[in-house]
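Trainee: Hey, got a minute? I've just opened a new structure and could use a hand reading it.
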Amino acid sequence: MADSSLPRDSLFLGFDSSTQSLKATVLDANLNIVVAELINFDSELSHYKTEGGVYRDPLVNGRIVSPTLMWVEAFELILQRLEKSKLDFGKIAAVSGSGQQHGSVFWKKGSAAILSSLDSKRSLVEQLNDAFSTKESPIWMDSSTTEQCKALEKAVGGAMELSRLTGSRAYERFTGPQIRRLFETQPEVYQNTERISLVSSFMASLLIGGYASIDHTDGAGMNLMDIKQRAWSEIILKATAPGLEEKLGKLAPAHAVAGSIAAYFVERYHFKKDCLIIQWSGDNPNSLAGLTLNTPGDLAISLGTSDTVFGITKDHNPSMEGHVFPNPVDTESYMVMLCYKNGSLAREDIRNHYAEKSWDVFNKYLQQTTPLNGGRLGFYYKDFEILPPLPVGFHRYILENFTGDSLDGIKEQEVQEFDPPSEVRAIVEGQFLSKRAHAERFGLPSPPKRIIATGGASANSSILSMIASIFGCDVYTVQQPDSASLGAALRAAHGWLCNKKGSFVPISSMYMDKMEKTSLNCKLAATAGDQKLVAKYATLMKKRTEIENCLIEKLGRL
């Protein structure tokens with residue numbers, strides 16, 4: 001059997017535990033999707049009373065959390081759903097997964113014993129109900145840790161030094177600042193915590209019946225790991241909270257085996273005893289795998305609850321913006337990423353206010369308005385934004401006499417509101433102008449060779465056409481809009497293969513020369529825009545950046 005071969009009848013299961021839902025994708029040995037399922041938290045687990053999968057704390061500005069037990073219950077529910085779909089769990093050779101990045105789970109002292117002795121006749125929810133030192137998990141949308149970010153940066157010699165050490169300056173959603181805040185505000189909870197997991201390692205822990213390691217890639221999204229050494233940074237751990245290394249456990253490569261599946265799942269769902277659990281990782285890293293992004297000139301744009309722009313690079317260059325993580329499927333390169341908190345929820349907000357709560361009306365407005373929007377620029381921050389670091393607020397400007405040829409003599413006038421069609425174009429145009437500006441400033445390719453779009457909004461052809469016009473390149477999509485669970489299933493197969501060989505195997509060896517016969521194949525969705533229009537968008541982008549810089553100077557948080 002060739003190194004890149006998978007057992008003919010085997011299946012590979014990938015999960016994606018995201019902000020608003022839990023998804024599952026099953027691939028066969030030919031890397032084609034055979035089953036896909038989804039559990040929506042708000043509608044199917046409504047007793048938790050989340051909105052968009054989260055709780056927004058009315059008393060603490062910027063504090064956003066999710067109920068930890070909801071993720072456990074969703075996991076049981078999706079396994080039951082897969083069982084009803086007649087999936088043969090006995091054929092699954094390996095499982096991996098994706099978790100929303102930065103979210104953290106705090107296991108209570110004594111929980112390792114609970115995990116290792118799960119009773120297959122009882123539900124996970126029932127047995128893990130009292131396993132957490134706090135029942136609420138801080139997630140990536142949280143922005144309550146500004147002071148902790150400043151303290152961590154100061155402790156290591158500044159923001160750029162933290163970026164050099166860890167791959168990012170301090171960000172409020174990152175797990176290190178979150179842990180420091182918990183230690184400062186709830187010391188008794190911290191004291192009673194036996195293990196701190198990320199969402200990814202938390203879900204893997206359920207599957208192996210013990211504490212799973214945090215992987216190198218997701219671990220880089222914590223402001224705690226030395227990115228060059230792939231080890232916890234002693235200086236940062238000391239600046240965060242006492243005794244932290246013991247609570248974090250060991251790190252592991254993303255392609256490594258976390259353990260064999262726990263007896264609980266063998267007895268309850270009839271998995272094979274030798275089914276491997278491959279390290280889980282973050283959602284964006286899994287999307288990178290699912291999109292088969294492996295050429296430095298390519299970019300991916302993920303359009304979900306948050307929007308992200310990411311690519312790959314051979315080097316780690318410290319920056320005051322964006323993030324660098326170890327590539328989850330290549331031991332020699334890095335993944336670079338820009339993250340925007342105001343993604344689909346901000347677009348939905350404008351849809352609800354100005355497009356009759358209808359995506360059809362929203363798209364009609366996009367199509368009936370002209371590119372450049374008559375010089376109307378909008379900044380829409382329904383939540384505290386990550387990039388740029390601006391508070392909640394909405395800012396609208398009209399550029400008088402703007403044609404796109406030059407900024408000479410152009411003056412902006414702030415206004416309260418646009419007409420409904422212009423509002424719709426302003427949010428979409430504004431979001432992608434912002435992404436292009438930040439991507440260029442971060443050193444990502446301009447124009448990219450191509451963009452691969454994923455996430456819910458990647459099904460919207462009007463939005464894809466606008467991306468092509470603003471970035472000036474062709475835009476592709478994949479068969480499965482949820483590239484994170486697809487990537488997790490592919491990583492399960494990859495981890496199985498690496499384990500079989502006893503060393504790292506390039507992931508591309510699994511699909512090289514047969515991509516068009518797999519569920520990984522990309523198709524062209526929108527062609528590069530007219531180059532004159534691309535140039536005009538570049539002019540508009542410069543003006544938008546000027547205004548953005550003024551807003552940061554006036555209102556910026558960090």
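Mentor: Sure. One term before we start: a contact here means heavy atoms within 4.5 Å. Also keep in mind that this is a predicted model.

Trainee: Okay, so what share of the contacts comes from residues 24 or more positions apart?
Mentor: Counting contacts in the chain with a separation of 6 or more, residues 24 or more positions apart make up 73%.

Trainee: And how many helices and strands are there?
Mentor: The chain has 20 helices and 26 strands. Its radius of gyration is 23 Å, close to the 24 Å from the globule rule for 558 residues, so the chain is as compact as a globular protein of that length.

Trainee: What box do the C-alpha atoms fill?
Mentor: Roughly 70 × 55 × 45 Å, along the principal axes.

Trainee: How much of the chain counts as buried?
Mentor: 64% of the 558 residues. As for the surface, the chain exposes about 20700 Å², and carbon and sulfur atoms supply 48% of that.

Trainee: Switching topic: how far apart are the mean positions of the charges?
Mentor: They're 2 Å apart, for 59 positive and 64 negative charges.

Trainee: How many aromatic pairs does the structure hold?
Mentor: There are 18. One of them joins tyrosine 264 and phenylalanine 265, edge-to-face, with 5.1 Å centre to centre and 75° between the planes.

Trainee: Are tyrosine 264 and phenylalanine 265 buried or exposed?
Mentor: Both are buried. Tyr264 and Phe265 also belong to one aromatic cluster with Phe15, Phe75, Phe89, Tyr269, Phe271 and Trp280.

Definitions and conventions:
Residues numbered from 1 in each chain as written. Predicted model: local features only at pLDDT ≥ 70, side-chain atom pairs only at ≥ 80, totals over all residues. Heavy atoms only, no water. Helix = DSSP H or I, 4+ residues; strand = E, 2+ residues; numbered from the N terminus. Rg over C-alpha atoms; globule rule 2.2 N^0.38 Å. Buried < 20%, exposed > 50% of the residue type's maximum accessible area, 1.4 Å probe, protein only. Areas by Shrake-Rupley, 256 points an atom, 1.4 Å probe, with all protein chains shown as cover. Lys, Arg positive; Asp, Glu negative; His and termini not counted. Charge placed at Lys NZ, Arg CZ, Asp CG, Glu CD. Phe/Tyr/Trp six-rings, centres within 6.5 Å; stacked < 30°, edge-to-face > 60°.
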